[in-house]
Amino acid sequence: MAEEAAQANLNPESQHMVEQAAEPLAEAISIMARLRGPGGCPWDREQTFDSIKRHTLEETYEVFDAIERRAWPDLKDELGDLLLQVLFYAQMASEAGYFDIGDVAAGLNAKLVRRHPHIFPVDGELADATDSNAVLRNWEQIKRAEKLEAAKAGSGETRAASGLDDIPRSMPGMLEAAKLGSRAAKVGFDWPSAEGIFEKLQEEIAELKAELANPNGVAHANVEEEFGDLLFTAINLARHLKVDAESAVRGANAKFRGRFRTMEAMAGGYDALAALGPEELDALWNRVKRGAGAGIERVAATDGLNA
């Protein structure tokens with residue numbers, strides 16, 4: 001049903017893309033099966049879910065890097081590497097009897113159709129979704145209903161799940177914070193504007209300073225907690241400003257790399273830089289910020305992105 005819904009009203013260009021991709025994807029699945037099969041690659045045959053998962057994270061960040069550099073040929077290759085991770089997991093799951101790549105694709109297709117009732121009619125009717133916010137609200141409502149149904153099927157109970165349950169604790173903290181804030185905002189638990197978050201930031205800074213000035217001694221656990229609150233608030237400010245916090249900090253990292261490399265070049269190398277005093281370092285940093293050594297900085301910034 002999902003396949004029929006997806007194929008309906010497909011334009012000729014999209015239909016051609018589907019047909020063109022079918023053979024290479026089938027070949028990739030076959031290659032992965034051969035690598036893991038009898039007489040296959042010793043390294044591939046030794047891998048497990050746990051040994052492969054770290055590579056998945058690395059490949060994801062390499063996709064991010066290619067996008068940030070607008071390196072489209074590199075992005076094509078990195079997406080292939082990311083697809084390899086999916087094929088690897090599915091092949092191992094098939095060998096264990098859990099599921100296979102066909103089940104993965106079928107589940108995705110059904111989910112996409114089910115969660116886009118404004119595109120694929122339900123009982124002949126399209127859901128109302130006049131803008132992207134409405135689409136997201138529909139998506140979340142459908143997802144919650146799916147989870148309740150799954151919980152009921154598994155335990156026979158209809159115990160209410162938290163709206164935050166599907167946000168993994170294992171994801172990077174910055175991304176988790178952004179998702180938690182966004183999910184809470186969907187029920188109205190949010191600052192009405194960015195101005196309120198600026199005030200909250202000042203409050204969190206004051207609380208952190210108070211911990212550091214505690215006359216009874218500084219408790220590291222309390223400092224860490226207050227610093228965490230400060231970061232959580234800053235990430236929610238990014239959400240209000242329509243800024244992706246991860247992209248913003250990666251941009252800041254790249255800028256710092258470039259400026260620091262320029263300082264090294266202007267000082268005569270890392271060792272020469274290390275020999276300078278705090279005031280000299282600060283003066284050199286300010287010169288770089290004002291544009292001194294601009295030609296060096298442009299090269300250094302590029303190197304920083306590629307590092």
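Phe-260 is partly exposed, with 26% of relative accessible area. Its partner Phe-256 is likewise described as partly exposed, at 46% relative accessibility. The model discussed here is a predicted one.

**Aromatic pairs**

Phe-256 and Phe-260 both belong to helix H11 (residues 245–267), where they stand four residues apart, about one turn of the helix. Their ring centres are 5.9 Å apart and their planes make an angle of 20°, so the pair counts as stacked, because planes under 30 degrees apart are classed in that way. Ring pairs also bring in Trp-285, giving a cluster of Phe-256, Phe-260 and Trp-285.

The structure has five aromatic pairs. One of them joins Trp-43 and Phe-88 in an edge-to-face arrangement, with 6.4 Å centre to centre and 80° between the planes. This pair links distant parts of the chain, since Trp-43 is in helix H3 (residues 42–46) and Phe-88 is in helix H5 (residues 72–96), 45 residues apart. Trp-43 is partly exposed at 43% relative accessibility, whereas Phe-88 is buried, with a relative accessible area of 3%.

**Salt bridges**

There are 16 salt bridges in the structure. Three of them are set out below.

| Salt bridge | Closest N and O atoms |
|---|---|
| Lys-53 and Asp-50 | 3.5 Å |
| Arg-183 and Glu-140 | 3.5 Å |
| Arg-183 and Asp-166 | 2.8 Å |

Lys-53 and Asp-50 are a local pair: the two residues are three residues apart in helix H4 (residues 49–68), which places them about one helical turn from each other. Asp-50 is exposed, with a relative accessible area of 56%.

Arg-183 takes part in a salt bridge with Glu-140. Arg-183 lies in helix H8 (residues 173–185) and Glu-140 in helix H7 (residues 132–155), so this salt bridge ties together parts that are 43 residues apart in sequence. Arg-183 is buried, with a relative accessible area of 14%. Glu-140 is buried as well, its relative accessible area being 9%. Both residues are classed as buried because their values fall under 20%.

Arg-183 also forms a salt bridge with Asp-166. Here Arg-183 in helix H8 meets Asp-166 in the loop between H7 and H8, so the pair ties together parts that are 17 residues apart in sequence. Asp-166 is partly exposed, with a relative accessible area of 23%. These residues belong to a network of salt bridges that links Glu-140, Lys-143, Asp-166 and Arg-183.

**Packing of H8 against H10**

Helix H8, which carries Arg-183, also meets helix H10 (residues 220–240), the two axes coming within 9 Å and crossing at roughly 65°. The crossing of H8 with H10 is right-handed. On the H8 side the contact involves Met-174, Ala-177, Ala-178, Leu-180, Gly-181, Ser-182 and Ala-185, and on the H10 side Phe-232, Ile-235, Asn-236 and Arg-239. By residue type, this contact comprises seven nonpolar residues, three polar and one charged.

**Summary of the contacts**

Helix H8 thus appears in two settings: its residue Arg-183 is part of the salt-bridge network with Glu-140, Lys-143 and Asp-166, and residues of H8 including Met-174 and Leu-180 meet H10. Among the aromatic residues, Trp-43 and Phe-88 form an edge-to-face pair, while Phe-256 and Phe-260 are stacked.

How values were computed:
Residues numbered from 1 in each chain as written. Predicted model: local features only at pLDDT ≥ 70, side-chain atom pairs only at ≥ 80, totals over all residues. Heavy atoms only, no water. Salt bridge = Lys/Arg side-chain N within 4 Å of Asp/Glu carboxyl O. Buried < 20%, exposed > 50% of the residue type's maximum accessible area, 1.4 Å probe, protein only. Axes fitted to C-alpha atoms, helices over the stretch in contact; angles between N-to-C directions. Left-handed = near helix turned anticlockwise from the far one by under 90°. Contact = heavy atoms within 4.5 Å. Nonpolar A, V, L, I, M, F, W, Y, C, P; charged D, E, K, R; others polar. Phe/Tyr/Trp six-rings, centres within 6.5 Å; stacked < 30°, edge-to-face > 60°.
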